[in-house]
Amino acid sequence: MAAARRAGDWRRTHTCGELRPAHVGQTVTLNGWVHKRRDHGGIYFVDLRDRYGLTQVVLGAQFSEALKLSGEDVIGVTGTVVVRDASNVNKERETGAIEVVAESLAILSKAKTPPIDVAASELPAVDTRLKYRYLDLRRPALQKNLIHRARLISAMRAAFERESFVEVETPVLTKATPEGARDYLVPSRVHPGSFFALPQSPQIFKQLLMVAGMDKYFQVARCFRDEDLRADRQPDFTQLDMEMSFVEEEDVFAVWERVLAATFREAMGIELVTPFPRLRHAEALERYGSDKPDVRFGLELVDVAAWAKKTEFKVFLGALERGGRVLGLNAGNVAFSRKEIEEGLNAVAALGGAKGLAWWKADAGGGTGSLARFAAGPLAGELMQLLSAKSGDLCLFVADAQSVARKSLNEVRLHLRAKLNLVDPKHYAFTWVTHFPLFTYDEDAKRWFSEHHPFTAPEDWALGGPGADPGQLMSRSYDLVMNGWELGSGSIRIHRSEVQERVFEILGIGPEERQEKFGFLLEALSYGAPPHGGFALGLDRTAALTAGLDNIRDVIAFPKTASAADLMCQAPSPVRPENLAEVHIQLAGQALTRAAKGAAAAADLTPK
RNA sequence: GGGGACGUAGCUCAAUUGGUUAGAGUACCGGCCUGUCACGCCGGGGGUUGCGGGUUCGAGUCCCGUCGUCCUCGCCA
């Protein structure tokens, strides 16, 4: 306690966020960064900042060295807590009723003029923020995000432990997989010419843990995929990964519903409604045009093909003749100008590939818009009934190949969500999307690919029998979708080696490759594997979405740029020739010239 | 790999049709001020206009290339 303190001890007794009028009269020591300094000549005010808050420190005229303080200096201040006059209370701050009158000051560390002004409200460019991430992270908003993320993870961990799940770590240096995303490779020094891969997910290991009888496994797992980035994708990311034995879909759903309900309650004070609705993949596409629909609002897609056939509208009829669809949605009674529709909304629909967007201001008398002259007479009333439209409602249509029509109207739907303020951002609507196709055919590669991954169980264990069309097979995979974001996916797995062999066969993975890449899994499945299934939740996305962010960058302490580089530590970077030699690698092509340039640039950085 | 936007002082931005010495706010440095909390006032330093080339009497501005950042399509089992 205070009695044990030596004079001149700069170590803090309190944080910058905790002093209140109850502490008045106490001698305290605070540590932190100089957030702002106000020099009034003879009296100086310093707002001292740490993770917990801001406290105003008052320095009298005797502190001449206070004049040397500047932003982001690190100091220790010992002084007395005093209550402020009523006229001087700062109601904006939790510590605004008191201040600390300094008796001694220790400058622990000086700061150069920082490239990021932590106290400013306007943000520097993203690359500056990433290069000086440790400064950006001093901003309370970012610290809040990281703390939010930590609370989510902590609550999930506790919830899984209550459910008797065991946290098990799996290797980061593992085996390259032929299917799926591009692997990050790590050369082996000990085995010349051989490479580890960083895991895209712990998929196979968690299945082996089920074979091992662990029954219920979970892990906060780092995953790596060497693919191009997006606002919601980083090359290294984190999943809350789990797997359980002797289960079917509903068992996995039930665990996650309990875990997420507990997590949202404990970390955010939000009560989720469970069970989450289940939506078949085909139905999601038909009603929303997307396999990750935002179900918080309507504007659902309507098939108007039967109606279109009664018209003489060549665009609609032509699309149907070519085997396409005519889909529409009712945007409601919205005040859009002709220009907003024909240029604005049209451009939105074009994002989905639509060549045009037909529109109609509904009215039983024929209405207005590009569709009006084809909606004369009784056709007007019929169309209104189809779209549940009232007079004055704006209806939008795309006629094209099914995938284009759906994708385009999905774009329109999401555009209207923002434009018309159709959703409450604090409303979290989860949906399980089920019954995905097992395989999709790739026209370029001329072969079948797993829609989810090759270990996903088919609905029909016999896989349709010999000669069956793989495109007709349903899988037992599922996605969890929240507010239009895919938060995670999982499946019931194949636990029988002969079924797994058959899937590899359909995928065109021959017996030799099967044995080489997956022999250990097939063998494991042959020693008595329990039926099992699991799921992995994208933690970055979950944290971002629940923090009200549309980019995962700001819930990651040290994120990478769109070109998968770390601007702060300048990774990736060339390495010395001897390092390459150790791992038996020789550079070729543009890698040679690039590496030479990189080495030259590094040499320029040596002090002059 | 494709498309779009951007790159000017430490930071955020401005700079007319291609035209004189590239400006402002903020930060920083110095001076003044005993109650501020975005303190105020006075003064000062600070620029390879991302980099390279071209057109021009003249380029921050126009053209070509290149590097980087963001968004996006492809990609992401």
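This is a short dialogue about two helix pairs and the surroundings of an RNA strand in a predicted model.

Reader: I'm new to this one. What describes two packed helices?

Author: Two numbers: the angle between their axes and the distance between the axes. Let's try that on a pair here. Helix α12 covers residues 497–506 and helix α13 covers residues 511–525; their axes come within 9 Å and cross at roughly 155°.

Reader: Okay, and why is α12 called roughly antiparallel to α13?

Author: Angles over 145 degrees count as roughly antiparallel, so the crossing makes α12 roughly antiparallel to α13. The crossing of α12 past α13 is right-handed, too.

Reader: Which residues make the contact between α12 and α13?

Author: On the α12 side, look for S497, Q500, E501, F504 and E505; on the α13 side, R514, F518, L522 and L525. Sorted by class, the contact of α12 with α13 holds four nonpolar, two polar and three charged residues.

Reader: Let me try α3 and α5. How do their axes cross, and at what angle?

Author: Helix α3 (residues 140–162) and helix α5 (residues 249–268) have axes that come within 8 Å and cross at roughly 140°. That makes α3 oblique to α5. Here as well, α3 passes α5 in a right-handed crossing.

Reader: Which residues of α3 and α5 meet?

Author: From α3, they include H148, L152, M156 and F160, and from α5, W256, V259, L260 and T263 are among them. Its class count is 12 nonpolar, two polar and three charged residues for the contact of α3 with α5.

Reader: Now the RNA. How many residues surround RNA strand B, and which are the closest?

Author: There are 48 around RNA strand B, with D39, N88, A125, S450 and H452 the closest. Those in the surface near RNA strand B split into 13 nonpolar, 17 polar and 18 charged. As for where they come from, β1 (27–39), β2 (43–50) and α1 (126–131) each supply at least two residues of that surface.

Reader: What part of RNA strand B do the atoms within 4 Å of the protein belong to?

Author: Sugar or phosphate accounts for 53% of those atoms of RNA strand B, and bases for the rest. You can zoom in on individual pairs. An N or O atom in the side chain of E227 is 2.5 Å from a sugar or linking oxygen of RNA strand B. With H453, a polar backbone atom is 3.0 Å from a sugar or linking oxygen of the strand. For G180, a backbone N or O atom lies 3.4 Å from a sugar or linking oxygen of RNA strand B.

Note on methods
Residues are numbered from 1 along each chain as its sequence is written. Chains are lettered from A and ligands numbered from 1 in the order in which they are written. This is a predicted model: local features need pLDDT of at least 70, side-chain atom pairs count only at pLDDT 80 or more; totals for chains, interfaces and linings use all residues. Side-chain values use heavy atoms; hydrogens and water are left out. Axes are lines fitted to C-alpha atoms, for helices over the stretch in contact, and angles run from 0 to 180 degrees between N-to-C directions. Helices (H or I, at least four residues) and strands (E, at least two) are DSSP runs, numbered from the N terminus. Angles under 35 degrees count as roughly parallel, over 145 as roughly antiparallel, 65 to 115 as roughly perpendicular and the rest as oblique. A crossing is left-handed if the near helix is turned anticlockwise from the far one by less than a right angle, and right-handed if clockwise. Contact means heavy atoms within 4.5 Å. Ala, Val, Leu, Ile, Met, Phe, Trp, Tyr, Cys and Pro count as nonpolar, Asp, Glu, Lys and Arg as charged, and the others, Gly among them, as polar. A residue is near a molecule or strand if one of its heavy atoms lies within 4 Å of it. A polar contact is a pair of N or O atoms within 3.5 Å; within protein, one must be able to donate a hydrogen and the other to accept it, and residues adjacent in sequence count only if both atoms are side-chain atoms.
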